[in-house]
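The following paragraphs give a guided reading of a protein model, intended to be followed with the coordinates open. Please begin with the interior and then move outward.

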Amino acid sequence: MAEEGCLLVMVVDMHPQLAEHDAHTYFNAVVAFANLHLAANARNSLAVLAANHLESRFLYPGSNEDGVGRQKDGRLEMLGQVDRAIERGVRAMAEAAASTPTNPEQNESLLSGAMGRGLLYIKRKETEEILAKRMQARLLVLKISSDTGSQYLTYINTYLTAQKSSTPVDVCVIGAIMASCSRAQTSPAAPTTVCARTPRPDTVDYRAACFCHRTLVDMASVCSNCLSVYCKAVPLCTTCNVIFQTDRPLVRTGKKKK
C-alpha cells in the first residue's frame with residue numbers, strides 16, 4: 001500500500017518588518033521547504049498563503065494558475081509551478097502594499113485571517129474527498145512581525161477551530177535567528193551552527209491583553225460569558241452584550257514567569 005500523503009498549508013508573514021531581515025533568504029527558505037514537502041511523497045499536496053498588514057491572499061494554488069510543460073532543466077513540473085506562483089504572488093503583494101497609503105491604526109500582520117482561510121481550505125479539500133478516509137493535514141505558520149494583541153480573540157477562535165478539526169498547527173517565530181544567520185554569512189570566522197541555534201528561553205508574560213485598549217494588564221474585569229478582559233469596570237461587555245455585575249472586584253490575570 002502506498003504511503004498516505006499530507007496536505008501542508010503554509011501561512012507566510014510578509015509584514016513590512018521583513019525589511020529588517022534578509023528577505024531573499026526568507027523567501028528562498030519558504031520555496032525550498034515547499035519543494036521538499038512535495039518531493040518527499042508523490043501524494044503530498046500544498047497550499048501557500050501570505051499575509052501582511054493590508055491583506056491575505058493565496059500564493060499557491062492561485063486562481064490564475066497556468067498550465068506548465070516539462071521544464072528544460074529536468075525539474076518536476078509541479079515544483080516549477082510552485083516556484084513561479086510564489087514569486088508572482090509575493091511580487092504582486094509587495095507592489096500593492098507599496099501603492100497603498102499607510103494607515104497607522106492597521107499595522108499588525110493579518111496572520112489570524114490567513115490561518116482561518118487555511119483551515120477553510122483544508123475543510124474544503126476534505127469535503128471534496130468524501131469517498132476517501134480523512135486526509136492528513138497540517139498548518140504551518142511562519143511569523144516575523146511583532147505582536148500587538150489586536151487579534152487576540154481571532155487567534156483564540158482560530159486555535160479552537162483547529163483543535164476541533166484535529167488539525168495540527170506548527171508556528172515558527174523568526175526574529176533574532178535570521179539576524180544571527182545574516183551576520184554569520186558576512187563573517188567567515190563565525191560558526192555555521194549559529195543559524196540552527198534555538199532561541200534562548202525568554203521571560204514568559206502570562207498577563208492578558210484587555211479588549212478595550214489592547215494592553216497587558218495585572219488586574220482586570222473578566223466577562224463570565226465570553227471571557228473578554230477589560231482593564232476597567234464596564235457596565236456592558238462590548239463583545240457579547242452581557243451586563244456586568246459592577247459590585248465584583250477586579251480579578252488578577254497572572255504574573256510573569258521565568
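In this predicted model, the largest nonpolar core comprises 26 residues, and M10, L46 and V48 have the most contacts inside it. Two or more residues are given to this core by each of β1, α1, β2, β3, α2 (77-98) and β4. L46 offers a convenient point from which to inspect the surroundings. Apart from neighbours within four places in sequence, L46 is in contact with L7, L8, M10, A34, H37, L38, Y60, P61, V82 and Y121. A second core, separate from that one, has 18 residues, among them M115, Y121, A137 and L139.

The sheet may be considered next. Five strands form an open sheet in the order β3-β2-β1-β4-β5, and their pairing is mixed. The edges are occupied by β3 (56-60) and β5 (169-173); each has a single partner strand, so one side of each is left without a neighbour in the sheet. From one strand to the next, the twist averages 20°. At the β5 edge, strand β4 (residues 136-143) and β5 are paired in the parallel sense through five bridges. Within this pairing, V173 of β5 is the bridge partner of K143.

Helices lie against this sheet. Helix α1 (residues 23-40) lies across β1 (6-13), β2 (45-51) and β4, and runs at about 175° to β1. Helix α3 (residues 111-128) also packs on the sheet, where it touches β1, β2, β3, β4 and β5. The direction of α3 makes about 165° with that of β1.

The aromatic residues provide a further level of detail. A pair of aromatic rings is described by the distance of the centres and the angle of the planes. Three aromatic pairs are present in the structure. In one of them, F58 and Y121 are 5.5 Å apart from centre to centre, with 50° between the planes, and the pair is tilted. This pair links distant parts of the chain, since F58 belongs to strand β3 and Y121 to helix α3, 63 residues apart. How does the accessibility of each partner compare with the 20% limit below which a residue counts as buried? Y121 has a relative accessible area of 7% and is therefore buried, whereas F58, with 24%, is partly exposed. Y121 thus recurs in several of the settings described here: in contact with L46, in the second core and in the pair with F58.

Another aromatic pair is formed by Y155 and Y159. The centres of their rings are 6.2 Å apart and the planes are at 20°, so the pair is stacked; the limit for this class is an angle under 30 degrees. Both residues lie in helix α4 (residues 152-164), four residues apart, about one turn of the helix. Y155 counts as buried because its relative accessibility is 14%, while Y159, at 37%, counts as partly exposed.

The charged side chains complete the picture. The count of salt bridges comes to five. One of them joins E55 and R57, with the closest N and O atoms 3.0 Å apart. E55 counts as partly exposed at 22% relative accessibility, and R57 is partly exposed with a relative accessible area of 25%.

In helix α2, E87 forms a salt bridge with R91, and their closest N and O atoms are 2.9 Å apart. These two residues are four residues apart in α2, so about one helical turn separates them. E87 counts as partly exposed at 47% relative accessibility, and R91 is partly exposed with a relative accessible area of 41%.

A corresponding description can be given for helix α3. The side chains of R124 and E128 meet in a salt bridge with an N to O distance of 3.3 Å. R124 and E128 are four residues apart in α3, so they are separated by about one helical turn. R124 counts as partly exposed at 42% relative accessibility, and E128 is partly exposed with a relative accessible area of 48%. Salt bridges also link R124, K125 and E128 in a network. Helix α3 therefore carries R124 and E128, and the helix itself packs on the sheet.

Key:
Residues numbered from 1 in each chain as written. Predicted model: local features only at pLDDT ≥ 70, side-chain atom pairs only at ≥ 80, totals over all residues. Heavy atoms only, no water. Pairing = 2+ DSSP bridges. Axes fitted to C-alpha atoms, helices over the stretch in contact; angles between N-to-C directions. Contact = heavy atoms within 4.5 Å. Core = buried A, V, L, I, M, F, W, Y, C linked by side-chain atoms within 4.5 Å. Buried < 20%, exposed > 50% of the residue type's maximum accessible area, 1.4 Å probe, protein only. Phe/Tyr/Trp six-rings, centres within 6.5 Å; stacked < 30°, edge-to-face > 60°. Salt bridge = Lys/Arg side-chain N within 4 Å of Asp/Glu carboxyl O.
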